[in-house]
Amino acid sequence: MYYLGDFQYYAGQKAANAESYQQPIYVGKAVPPGWRKARKIQASSAALYNRLKEHSRSIQQAQNLDIGDFMCQFIILENDESNLISTIEAELIRRSMPLWNTVIDGFGNHDPGSGRYNQAKSEWDVLHPGRSWVRRLTGLAPSLEEIISKIV
(Lines give C-alpha, C1' and ligand atoms only; values in the text may rest on other atoms or scores of the structure.)
Protein backbone atom coordinates (compact mmCIF):
# COMPACT_ATOMS: atom_id res chain seq x y z
CA MET A 1 0.00 0.00 0.00
CA TYR A 2 1.20 3.49 -0.81
CA TYR A 3 0.26 6.75 0.92
CA LEU A 4 -0.25 9.95 -1.06
CA GLY A 5 -2.07 12.17 1.46
CA ASP A 6 -1.37 15.10 3.73
CA PHE A 7 -1.06 13.51 7.18
CA GLN A 8 1.62 15.72 8.72
CA TYR A 9 3.93 12.93 9.87
CA TYR A 10 3.87 11.14 6.51
CA ALA A 11 5.27 13.93 4.34
CA GLY A 12 8.20 11.69 3.38
CA GLN A 13 5.81 9.00 2.19
CA LYS A 14 3.91 11.47 0.05
CA ALA A 15 7.09 12.91 -1.46
CA ALA A 16 8.51 9.47 -2.25
CA ASN A 17 5.33 8.53 -4.09
CA ALA A 18 4.64 11.81 -5.91
CA GLU A 19 6.03 10.74 -9.30
CA SER A 20 5.67 6.96 -9.02
CA TYR A 21 5.09 4.46 -6.27
CA GLN A 22 8.51 4.13 -4.68
CA GLN A 23 7.88 3.75 -0.94
CA PRO A 24 5.11 1.53 0.38
CA ILE A 25 3.65 2.43 3.76
CA TYR A 26 2.63 -1.18 4.32
CA VAL A 27 3.40 -4.61 2.86
CA GLY A 28 1.18 -7.53 3.76
CA LYS A 29 -0.02 -10.89 2.62
CA ALA A 30 -3.37 -12.53 2.09
CA VAL A 31 -3.48 -16.28 2.40
CA PRO A 32 -6.42 -18.65 2.01
CA PRO A 33 -7.97 -20.47 5.00
CA GLY A 34 -5.92 -23.49 6.05
CA TRP A 35 -2.66 -21.99 4.78
CA ARG A 36 -1.09 -21.45 8.21
CA LYS A 37 -1.59 -25.09 9.19
CA ALA A 38 -0.29 -26.39 5.84
CA ARG A 39 -3.61 -27.92 4.91
CA LYS A 40 -4.30 -28.71 1.29
CA ILE A 41 -5.73 -25.45 0.02
CA GLN A 42 -7.09 -24.00 -3.15
CA ALA A 43 -5.67 -20.57 -3.98
CA SER A 44 -8.36 -17.95 -4.24
CA SER A 45 -8.56 -14.26 -4.99
CA ALA A 46 -11.22 -14.10 -2.25
CA ALA A 47 -8.46 -14.09 0.40
CA LEU A 48 -6.85 -11.05 -1.21
CA TYR A 49 -10.18 -9.27 -1.61
CA ASN A 50 -11.11 -9.93 2.04
CA ARG A 51 -7.74 -8.75 3.37
CA LEU A 52 -7.85 -5.56 1.30
CA LYS A 53 -11.40 -4.99 2.54
CA GLU A 54 -10.20 -5.34 6.15
CA HIS A 55 -7.39 -2.86 5.57
CA SER A 56 -9.77 -0.48 3.83
CA ARG A 57 -12.14 -0.64 6.80
CA SER A 58 -9.30 0.17 9.23
CA ILE A 59 -8.27 3.21 7.18
CA GLN A 60 -11.86 4.41 6.81
CA GLN A 61 -12.43 4.16 10.57
CA ALA A 62 -9.29 6.18 11.33
CA GLN A 63 -10.24 9.76 12.19
CA ASN A 64 -7.21 11.30 10.49
CA LEU A 65 -6.79 9.26 7.29
CA ASP A 66 -8.67 9.30 3.98
CA ILE A 67 -9.04 6.10 1.97
CA GLY A 68 -8.69 8.17 -1.21
CA ASP A 69 -5.06 8.88 -0.25
CA PHE A 70 -4.00 5.25 -0.67
CA MET A 71 -3.08 3.10 -3.65
CA CYS A 72 -2.10 -0.53 -3.69
CA GLN A 73 -0.25 -3.00 -5.83
CA PHE A 74 -0.46 -6.73 -5.45
CA ILE A 75 0.62 -10.00 -6.96
CA ILE A 76 -1.37 -13.21 -6.96
CA LEU A 77 0.61 -16.42 -6.54
CA GLU A 78 -1.22 -19.63 -7.35
CA ASN A 79 -0.56 -23.34 -7.02
CA ASP A 80 3.01 -24.18 -5.92
CA GLU A 81 4.02 -20.51 -6.20
CA SER A 82 1.77 -19.77 -3.21
CA ASN A 83 4.43 -21.43 -1.03
CA LEU A 84 6.55 -18.30 -1.63
CA ILE A 85 4.02 -15.82 -0.18
CA SER A 86 5.70 -15.36 3.22
CA THR A 87 9.19 -15.29 1.73
CA ILE A 88 8.25 -12.60 -0.78
CA GLU A 89 6.43 -10.57 1.85
CA ALA A 90 9.47 -10.69 4.16
CA GLU A 91 11.84 -9.67 1.37
CA LEU A 92 9.63 -6.75 0.30
CA ILE A 93 9.56 -5.55 3.90
CA ARG A 94 13.36 -5.87 4.21
CA ARG A 95 13.97 -4.00 0.96
CA SER A 96 11.47 -1.18 1.33
CA MET A 97 11.18 -0.81 5.13
CA PRO A 98 7.50 0.27 5.07
CA LEU A 99 6.60 2.59 7.94
CA TRP A 100 3.62 0.51 9.12
CA ASN A 101 5.68 -2.69 9.12
CA THR A 102 8.89 -1.44 10.69
CA VAL A 103 8.19 1.68 12.76
CA ILE A 104 4.48 1.91 13.57
CA ASP A 105 3.13 -1.41 14.82
CA GLY A 106 -0.48 -2.56 14.67
CA PHE A 107 -2.08 -1.70 11.33
CA GLY A 108 -2.82 -5.32 10.43
CA ASN A 109 -4.21 -6.19 13.87
CA HIS A 110 -7.60 -7.79 14.31
CA ASP A 111 -10.10 -7.48 17.15
CA PRO A 112 -8.54 -9.75 19.81
CA GLY A 113 -11.97 -10.94 20.94
CA SER A 114 -13.68 -11.50 24.24
CA GLY A 115 -11.43 -12.25 27.18
CA ARG A 116 -8.35 -10.65 25.59
CA TYR A 117 -9.14 -6.95 25.85
CA ASN A 118 -6.48 -6.46 28.53
CA GLN A 119 -4.04 -5.75 25.68
CA ALA A 120 -2.75 -2.25 24.95
CA LYS A 121 -3.73 -0.14 21.96
CA SER A 122 -1.21 -0.51 19.17
CA GLU A 123 0.98 2.36 18.05
CA TRP A 124 -1.09 2.56 14.86
CA ASP A 125 -4.30 2.91 16.86
CA VAL A 126 -2.85 5.65 19.05
CA LEU A 127 -1.65 7.56 15.97
CA HIS A 128 -4.83 6.86 13.97
CA PRO A 129 -7.73 6.54 16.45
CA GLY A 130 -11.11 5.31 15.32
CA ARG A 131 -11.27 1.51 15.00
CA SER A 132 -14.37 0.55 16.98
CA TRP A 133 -12.98 -2.49 18.78
CA VAL A 134 -9.94 -0.60 20.11
CA ARG A 135 -12.11 1.20 22.68
CA ARG A 136 -12.36 -2.10 24.60
CA LEU A 137 -8.59 -2.45 25.05
CA THR A 138 -7.50 -1.68 28.61
CA GLY A 139 -3.72 -2.15 28.59
CA LEU A 140 -1.22 0.70 28.87
CA ALA A 141 -0.81 2.22 25.41
CA PRO A 142 2.33 3.96 24.15
CA SER A 143 2.19 7.75 24.18
CA LEU A 144 1.55 9.70 21.02
CA GLU A 145 4.78 11.63 21.61
CA GLU A 146 6.80 8.38 21.72
CA ILE A 147 5.29 7.25 18.44
CA ILE A 148 5.84 10.58 16.68
CA SER A 149 9.47 10.65 17.80
CA LYS A 150 9.98 7.29 16.04
CA ILE A 151 8.62 8.69 12.77
CA VAL A 152 10.45 12.01 12.54
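In this predicted model, the protein chain is built from six helices and two strands. Going along the sequence, these elements come in the order β-α-α-β-α-α-α-α. The radius of gyration works out at 16 Å, close to the 15 Å that the globule rule gives for 152 residues, so the chain is as compact as a globular protein of that length. Its C-alpha atoms fit in a box of roughly 45 × 45 × 25 Å along the principal axes.

On the inside, 34% of the 152 residues count as buried. Contacts with a separation of 6 or more were also tallied, and 53% of them join residues 24 or more positions apart. The largest nonpolar core takes in 20 residues, and Tyr10, Ile25, Leu65, Phe70, Trp100, Ile104 and Leu127 have the most contacts inside it. Helices H4 (99-102), H5 (123-127) and H6 (144-151) each bring at least two residues to this core. Tyrosine 10 gives a feel for how the packing works: with neighbours within four places in sequence set aside, tyrosine 10 is in contact with Tyr3, Ile25, Leu65, Leu99, Trp100, Leu127, His128 and Ile151.

As for the outside, the chain exposes about 9,600 Å², with carbon and sulfur atoms supplying 49% of that area. One nonpolar patch on the surface is made up of Leu84, Ile88 and Leu92, which together offer about 240 Å² of accessible area. Leucine 92 sits in helix H3 (residues 85-96) and, at 43% relative accessibility, counts as partly exposed.

Charged pairs come next, with a count of eight salt bridges. Helix H3 features here again, since Glu91, Arg94 and Arg95 are linked in a salt-bridge network. Glutamate 91 pairs with arginine 94, their closest N and O atoms being 3.2 Å apart; the two lie three residues apart in H3, about one turn of the helix. Glutamate 91 also meets arginine 95, at 2.7 Å from N to O, and because these two are four residues apart in helix H3, about one helical turn separates them. Glutamate 91 is partly exposed at 28% relative accessibility, whereas arginine 94 is exposed at 54% and arginine 95 is exposed at 68%.

Another salt bridge joins the side chains of arginine 136 and aspartate 111 (3.3 Å, N to O). This pair ties together distant parts of the chain, 25 residues apart: arginine 136 belongs to the loop between H5 and H6, and aspartate 111 to the loop between H4 and H5. Both partners are partly exposed, with relative accessible areas of 43% for arginine 136 and 35% for aspartate 111.

Conventions: Residues numbered from 1 in each chain as written. Predicted model: local features only at pLDDT ≥ 70, side-chain atom pairs only at ≥ 80, totals over all residues. Heavy atoms only, no water. Patch = residues over 30% accessible without salt bridge, like charges linked within 9 Å, V, L, I, M, F, W, Y side chains within 5 Å. Areas by Shrake-Rupley, 256 points an atom, 1.4 Å probe, with all protein chains shown as cover. Salt bridge = Lys/Arg side-chain N within 4 Å of Asp/Glu carboxyl O. Buried < 20%, exposed > 50% of the residue type's maximum accessible area, 1.4 Å probe, protein only. Core = buried A, V, L, I, M, F, W, Y, C linked by side-chain atoms within 4.5 Å. Contact = heavy atoms within 4.5 Å. Rg over C-alpha atoms; globule rule 2.2 N^0.38 Å.
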